[in-house]
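Please look through the ligand site and the pockets of the structure shown here. A set of questions and answers on them follows.

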Amino acid sequence: MTSPSPYDIKRERMVEEQLLPRGIHHSATLAAMRAVPRHLFVEDAMQMQAYGDYPLPIGAGQTISQPYIVALMTQVLQLTGAERVLEIGTGSGYQAAVLSQICERVYTIERIDSLLVRARKTFDKLHYHNIVSRIDDGTEGWLAEAPFDGILVTAGGPKVPEPLIDQLSENGRLVIPVGDQFVQELQVIEKNGGNVKHTTIEQVRFVNLIGAHGWRN
Ligand code: SAM
């Protein structure tokens, strides 16, 4: 039996100290957070900090979200394994990687080329083959692949983009930070029997969602 690496130990500590005490209980989400090597989604110089209780810079003025927020947004989707999930804001690719462990396929959209190039390299290196990605304005969704069982937006916008509500399947869940450019509320939108229900979970702070149905650049 091989002994755990320092990163394995940090990852387990992240789960025990940051996720479980804050109410992350969805077992598939916890398993994915235990499995995905978060340190490989940040620059070499930051790898030792990758499991800290905070977001980290990933270049181009963007961030990889705090582990707890990644776990919370994943848990909200209540995935069981067969779902197709759309993520807006690939960034480092870490959130997509976590989702890829617990659903059938992840579709992820990023607007900054350099970030997507790096994220794709990481997906390949880790053999995460059920992630499909593209460069575009994610506020328009991904019409050709819609509807989605879950949609997760990892940047904060002034409102919920209408195309994303349209592209959510019946009984699907959409999670998105909505607010001003400094602080947002994490909103969950559920579609049931033609009704669209909004719930607010907690206050968060995300980088800006920039696009036709987000903030103007
Ligand atoms: N999910 C990422 C991760 O795991 O590293 C964190 C992403 S970061 C907080 C938000 C990302 O959303 C940035 O990479 C930013 O470029 C991207 N973004 C902002 N507006 C976007 C849009 N309209 N379409 C696609 N990506 C967008």
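**Pockets, ligand and backbone**

Q: Which residues line the second largest pocket of this predicted model, and about how much space lies in that pocket?
A: In this predicted model, the lining of the second largest pocket consists of Leu40, Phe41, Val42, Glu43, Asp44, Gln47, Ser92, Arg118, Lys121, Thr122 and Lys125. By residue class, this lining divides into three nonpolar, three polar and five charged. The space that lies in the second largest pocket is about 170 Å³.

Q: Which pocket does the ligand take up, and about how much space lies in it?
A: The space taken by the ligand is the largest pocket. Its lining comprises 40 residues, and Thr63, Thr154, Ala155, Phe206 and Val207 are the ones nearest the centre. Two or more residues of that lining come from each of β2, α3 (67-76), β3, α4, β4 and β9 (195-204). The ligand therefore sits in the largest pocket by the criterion that more than half of its atoms lie within 2 Å of the grid points, and the space in this pocket is about 670 Å³.

Q: How do the residues of the lining of the largest pocket divide into nonpolar, polar and charged?
A: The lining in question is that of the pocket whose space the ligand takes, and it is made up of 40 residues. They divide into 17 nonpolar, 16 polar and seven charged.

Q: Which element supplies the largest share of the shell around the ligand?
A: The shell holds 28 residues, among which Gly89, Ser92, Glu110, Gly138 and Ile210 come nearest to the ligand. By class the shell divides into 10 nonpolar, 13 polar and five charged. At least two residues are supplied by each of β2 (62-64), β3 (84-88), α4 (94-100) and β4 (105-110), and the largest share, three residues, comes from β2.

Q: What percentage of the ligand's own accessible area does the protein cover?
A: Ser92 places a polar side-chain atom 2.6 Å from an oxygen atom of the ligand, while a polar side-chain atom of Thr154 lies 3.2 Å from a ligand nitrogen atom. From the backbone, an N or O atom of Ile210 lies 2.6 Å from a nitrogen atom of the ligand. Of the 600 Å² of accessible area that the ligand has on its own, the protein covers 99%.

Q: Where does Pro147 lie, and is the peptide bond from Ala146 to it cis or trans?
A: Pro147 has its place in the loop between β5 (131-135) and β6 (148-153). With omega near 5°, the peptide bond from Ala146 to Pro147 is cis.

Q: What is the value of phi at Ala60?
A: Ala60 is found in the loop between β1 (56-59) and β2. Its phi is positive although the residue is not a glycine, with a value near 55°.

Definitions and conventions. Residues numbered from 1 in each chain as written. Predicted model: local features only at pLDDT ≥ 70, side-chain atom pairs only at ≥ 80, totals over all residues. Heavy atoms only, no water. Near = heavy atom within 4 Å. Polar contact = N/O pair within 3.5 Å; in protein donor to acceptor, adjacent residues only side chain to side chain. Areas by Shrake-Rupley, 256 points an atom, 1.4 Å probe, with all protein chains shown as cover. 1 Å grid on protein atoms, 1.4 Å probe; cavity = no way out; pocket = protein on both sides within 12 Å on 5 of 7 lines; lining within 4 Å. Helix = DSSP H or I, 4+ residues; strand = E, 2+ residues; numbered from the N terminus. Nonpolar A, V, L, I, M, F, W, Y, C, P; charged D, E, K, R; others polar. Points joined across faces, edges and corners; volume = space filled by probe spheres on them.
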